[in-house]
Amino acid sequence: MALAAETEAELDRYPDQRGEILLEAAALWHDAEEHDRAIDLLTRAVALGGEDGGLARVSMAEVLFDLAHDAEAWAQLDALRQDRIASPAPYHLAAELLEERGDDQQALTWFNIAVSRLTDQEMAERETEFGYLSYADNIISGRRRVREALGLPADELDGSVSSAADRAAELARALTPPIPPREMRILFWPRAEIPRAHETWPQLVENLDTDTYATGREKENRELADSGIPRITMVPLTVAKLVEYAARTGGDPTDSETRQACIDEIVSEGKAISWPPPRNAPCWCGSATKYKKCCGRPTLG
């Protein structure tokens, strides 16, 4: 609750980020089960209109669904349809919400609306070398997913995702261990661990400059997010954990398969960090400084 209140207090300090802050604070209040406060903030965000207002309607629907106020939740989604917002983002978010609720037929309707909002430029980005990472491809992949769940035959748009997905799978196999769909898990060494890791495995950790290491990882995360990766999960690894895991399983710490299996165990233990963290939460890098004053600085070059 303290973090929710602190985030809400940012409203006066950053008026140009009002919509984003309202949405973030509302999510934190909702997580704290302060649903009335979350609804109040989302109501204010809806009044802003535009993309933030649309996203707020979907977040409001999620809160209301969680409270078993289904009629009111659907009223928010119906209002979103009437708003005719140009951005596909609110409709995409609504589609994923309904898909998570198991309503694939309604999810397909909202995925179709999101596709109809994609611009020619966004669609053209799918034809580039890394088009399978584009936001448009993310939406179209979701549409294909629910169509498959409904047992519908593939159409032309479904087929366009298939070839992109094949290219993505080939690149993933060549460059990284397998990752869960719709999520990228990224191993990182917290700042305090970098010297230890370098001393133990210099071939794994070559750079001892903790600031350069953290800044570089943050930049890469932002690029991944901009390219359409929907979820980025940071997995902190320590020397002690990797040594213990390797000894217990008979693995080699310098082997990528051993590290990947260790990453999976850390995630299953609930020790992964969702990126980006809230602006007032401790930075993911382990600096003990708030994210907004560390790796989350907007001016990070």
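Helices and strands here are DSSP runs, numbered from the N terminus. With that in hand, open the model, which is a predicted one, and follow the stops below.

**Stop 1: Phe-188**

Select Phe-188, which sits in strand β1. Is this residue buried or exposed? Its relative accessibility is 1%, so Phe-188 counts as buried. Now show what surrounds the ring. Setting aside residues up to four places away in sequence, Phe-188 touches Tyr-213, Met-234, Val-235, Pro-236, Leu-237, Ile-273, Trp-284 and Cys-285. For a sense of scale, draw a distance from Phe-188 to Ala-38: the C-alpha atoms are 33 Å apart, and the two residues are separated by 150 positions in sequence.

**Stop 2: Arg-191**

Move along the chain to Arg-191, in the loop that links β1 (184-188) with α11 (194-200). This arginine has a relative accessible area of 17%, and since buried means under 20%, Arg-191 is buried. Which side chain does the side chain of Arg-191 make a polar contact with? Select Asp-211: the two side chains form a polar contact at 2.7 Å. Then widen the selection. Beyond four places in sequence, Arg-191 is in contact with Thr-210, Asp-211, Ala-214, Cys-285, Ser-287, Cys-294 and Cys-295. Cys-285 may look familiar, as Phe-188 touches it too.

**Stop 3: helix α7**

Next, select residues 104-117, which make up helix α7. Put a distance between its end C-alpha atoms and you should find 20 Å. That agrees with the expected span, because 14 residues at 1.5 Å a residue should also give 20 Å. Color the buried residues of α7: Ala-107, Leu-108, Trp-110, Phe-111, Ile-113, Ala-114 and Val-115.

**Stop 4: α6 against α7**

Keep α7 on screen and add α6, residues 89-100. How do the axes of α6 and α7 cross? They come within 8 Å and cross at roughly 165°, which makes α6 roughly antiparallel to α7. The crossing is left-handed. To see where they meet, show side chains on both helices. From α6, select Tyr-91, His-92, Ala-94, Ala-95, Glu-96, Leu-98 and Glu-99. They meet Asp-104, Gln-106, Ala-107, Trp-110, Phe-111, Ile-113, Ala-114 and Arg-117 of α7. Among the buried residues of α7 are Trp-110 and Phe-111, and both take part in this meeting.

**Stop 5: α6 against α9**

Now bring in α9, residues 135-149. The axes of α6 and α9 come within 11 Å and cross at roughly 30°, so α6 is roughly parallel to α9. This crossing, too, is left-handed. The α6 residues to select are Ala-89, His-92, Glu-96 and Glu-99; in α9, they meet Tyr-135, Asn-138, Ile-139, Arg-145 and Val-146.

**Stop 6: backbone details**

Finish with the backbone. In the segment after β3 (273-275), find Pro-276. A cis peptide bond joins Trp-275 to Pro-276, with omega about -5°.

Ala-288 also lies in the segment after β3. Its phi is near 70°, a positive value in a residue other than glycine. Ala-288 has a relative accessible area of 71%, so it is exposed.

For the last selection, go to Glu-33, in the loop between α2 (18-31) and α3 (35-46). Here phi is near 65°, again positive in a residue other than glycine. Glu-33 is exposed, with a relative accessible area of 62%.

Methods:
Residues are numbered from 1 along each chain as its sequence is written. This is a predicted model: local features need pLDDT of at least 70, side-chain atom pairs count only at pLDDT 80 or more; totals for chains, interfaces and linings use all residues. Side-chain values use heavy atoms; hydrogens and water are left out. Helices (H or I, at least four residues) and strands (E, at least two) are DSSP runs, numbered from the N terminus. The expected span of a helix is 1.5 Å times one less than its number of residues. Buried means under 20% relative accessible area, exposed over 50%, partly exposed in between (1.4 Å probe, protein chains only). A polar contact is a pair of N or O atoms within 3.5 Å; within protein, one must be able to donate a hydrogen and the other to accept it, and residues adjacent in sequence count only if both atoms are side-chain atoms. Contact means heavy atoms within 4.5 Å. Axes are lines fitted to C-alpha atoms, for helices over the stretch in contact, and angles run from 0 to 180 degrees between N-to-C directions. Angles under 35 degrees count as roughly parallel, over 145 as roughly antiparallel, 65 to 115 as roughly perpendicular and the rest as oblique. A crossing is left-handed if the near helix is turned anticlockwise from the far one by less than a right angle, and right-handed if clockwise.
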